[in-house]
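Please walk me through this structure in careful steps, in a way that a first-year student can follow. I would like to know which parts of the chain meet, and how their side chains are placed.

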Amino acid sequence: MNKPLKPAAAAVMQGRHQRPELITFTSLLVLTAALCAPKLYAVEGSVELGSVVLSEESMKFGEYTGITDDQPYAVFNFDLRDVTDDGQWQASGDNLGLDSRSLELRFRQAGRRSLRFGYRELPHNRSRDGRVPFAGVGSDVLTLPAGWVAADTTAGMTGLDAALVSYEDATKRKQFSLDYGWFGNNGFTGSVAYSHEIKDGLKTHNGVIGYTGGNPRAVTMPTPVDYTHDKLQMMLAWSDSARHAQFGYTVSRFKNSNDSMQWQNPYTAHPQWNAAAGYPSGYGSIAQEPDNLYQQLHGMLRFRLTQSTVASADFSYALFEQDDDFL
C-alpha cells in the first residue's frame, strides 16, 4: 500500500530529485489504534511504518532530513492520545527512522497544570566532497604532513594531491526541552521552560594570512563544531477582571568547546611578510564563537481604568556577558 511520507520526509521528495525512478516509498503498515479501556476511555491514534529506498547519493538531497545515501531508510511515525478524568495526554513521534527525528509527550489537567517534554534532531548536510592537505581534521589545530613542499601558489605545491584527505561538511543539532505550567484558583499562573541544545560536526571555514591587497594567502579548512546552549525561562502572572501583572526571568548560556581555529601556513613567506609567517613556522588563527551569558528581567502591568480606557506599562533589563577574550 503506497502512502506519502510525513511532512518532514515528504518535503525532501518535492525537490529537484522528484523523478519517480529515483525514489520508491513503500508503506508496510498503517495502524490506527482505538484501544477501549475501562470506563469507555479510548486511546486513539496511528502508527505508521514504512521504508524509503533511494537510487542516488546526494548530500543536498538530504540536507535537512539525513537521507543522503543509496540505501533503505525506515519510516516510523506515531501519534497517540487519550482523555481521562484527570486530563489528557498525547505522545507523538515523526521520522524516527531518520536523522531528522522528533519526539513529543504532553500532559494537561484542564485549569490546573500542563507538562511537555520534547526531543528533536536536525541535521545539516552540506557536502561530503571536501578535501584538504591538513592532518588533524576534527581538531582545532591543523598541521601539514611531513615533507610538505611549500610555495607562493598552489601550483608549486608538488605534494598537494598526495596529501589531500576527505571530510564531510555536516553538523547535527540535538535539542531536549521541558515545559511546565500551572494555573491557580486565586488568579495566579506560572510557567517554567528549559531547553538544552547540542550541536556538533564539521563546517567549512576560510582563513587568510596577509594584510593588504596583494599579499594575502587563503586556505579552506574543516572547523570542528562543538556547541552547547542552555536556556531557562520563568514566568509568574496574576490577574482579575480589571488588573494584570506579569513578571519573568530569562537566562541563556552558550558554550563553545573551541575558542579558536589554528592552521599551519602551507605557503612560503611573501616578500612583504615577516619571514616567520611562512611555512613551516607560520600559523594562522581565527576566533570561534565566544562563550556568553544572557540574562533578562521583564515585567508588565495593566489596569482597566474605564470600560474604554486601559493603562499599561512594560519594562525589561538585560545583561549580556561574553566570557572569552578577543584574540
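Phe247 has a relative accessibility of 41%, so this residue counts as partly exposed. In this predicted model, Phe247 belongs to strand 11, which covers residues 243-256, and its ring is paired with the ring of Phe315, the two centres being 6.3 Å apart. Because the planes of these rings stand at 50°, the pair is described as tilted. Phe315 lies in strand 15 (residues 309-322), so the two rings tie together parts of the chain that are 68 residues apart in sequence. Like its partner, Phe315 is partly exposed, here with a relative accessible area of 45%.

A search of the whole structure finds five aromatic pairs, and another of them joins Tyr294 and Phe320, whose ring centres are 6.2 Å apart. The planes of these two rings stand at 85°, and the pair is therefore edge-to-face. To see why the two pairs receive separate names, it helps to know that planes over 60 degrees apart count as edge-to-face, whereas those from 30 degrees up to that limit count as tilted. Tyr294 is in strand 14 and Phe320 in strand 15, so that this pair links parts of the chain that are 26 residues apart. Tyr294 is partly exposed, with a relative accessible area of 27%, while Phe320, with 61%, is exposed.

From rings we can turn to charges. Side chains of opposite charge can pair when their charged atoms come close. The structure holds 16 salt bridges, and one of them is formed by Asp99 and Lys172, with their closest N and O atoms 3.5 Å apart. Asp99 lies in the loop between strand 4 (87-94) and strand 5 (102-109), whereas Lys172 lies in strand 8 (residues 165-183), so this salt bridge ties together parts that are 73 residues apart in sequence. With a relative accessible area of 31%, Asp99 is partly exposed.

Lys172 also meets the side chain of Glu121 in a salt bridge, at 3.3 Å from N to O. Here strand 8, which holds Lys172, is linked with strand 6 (residues 113-132), which holds Glu121, and the two residues are 51 residues apart. Glu121 has a relative accessible area of 6% and is buried. These contacts belong to a network of salt bridges in which Asp99, Arg101, Glu121 and Lys172 are linked.

Elsewhere, Glu289 forms a salt bridge with Lys203, the closest N and O atoms lying 3.2 Å apart. Since Glu289 sits in the loop between strand 13 and strand 14 (292-306) and Lys203 in strand 9, the pair ties together parts that are 86 residues apart in sequence. Glu289 is partly exposed at 32% relative accessible area, but Lys203, at 16%, counts as buried.

Strand 9 also contains Glu197. Is this residue buried or exposed? Its relative accessibility is 18%, and because residues under 20% count as buried, Glu197 is placed in the buried group. Its side chain makes a polar contact of 3.4 Å with the side chain of Gln175. Leaving out residues up to four places away in sequence, Glu197 touches Arg173, Lys174, Gln175, Tyr227, Thr228 and His229.

The next topic is the nonpolar residues. In soluble globular proteins, nonpolar side chains tend to be buried together. The largest nonpolar core of this structure has 17 residues, and those with the most contacts inside it are Phe134, Leu142, Trp148, Met157, Val219, Met221 and Trp263. Strand 9 (188-209), strand 10 (217-239) and strand 12 are the elements that give two or more residues to this core. A second, separate core has seven residues, among them Val52, Leu54, Ile67 and Leu98. As for Trp148, when its neighbours within four places in sequence are left aside, this residue is in contact with Pro133, Met157, Gly159, Leu160, Ala163, Pro266 and Tyr279.

Strand 12 also takes part in an open sheet of three strands, whose order is 7-12-13 and whose pairing is mixed. Strand 7 (141-142) and strand 13 (283-287) are the edge strands, each of which pairs on one side only. Strand 12 (residues 260-264) and strand 13 run antiparallel and are joined by five bridges, and Gln264 stands opposite Tyr283 in strand 13.

Terms used
Residues are numbered from 1 along each chain as its sequence is written. This is a predicted model: local features need pLDDT of at least 70, side-chain atom pairs count only at pLDDT 80 or more; totals for chains, interfaces and linings use all residues. Side-chain values use heavy atoms; hydrogens and water are left out. Two strands pair if DSSP finds at least two bridges between them. Helices (H or I, at least four residues) and strands (E, at least two) are DSSP runs, numbered from the N terminus. A nonpolar core is a set of buried Ala, Val, Leu, Ile, Met, Phe, Trp, Tyr and Cys residues joined through side-chain atoms within 4.5 Å. Buried means under 20% relative accessible area, exposed over 50%, partly exposed in between (1.4 Å probe, protein chains only). Contact means heavy atoms within 4.5 Å. A polar contact is a pair of N or O atoms within 3.5 Å; within protein, one must be able to donate a hydrogen and the other to accept it, and residues adjacent in sequence count only if both atoms are side-chain atoms. A salt bridge is a side-chain nitrogen of Lys or Arg within 4 Å of a carboxyl oxygen of Asp or Glu. Rings of Phe, Tyr and Trp (its six-membered ring) pair if their centres lie within 6.5 Å; planes under 30 degrees apart count as stacked, over 60 as edge-to-face and the rest as tilted.
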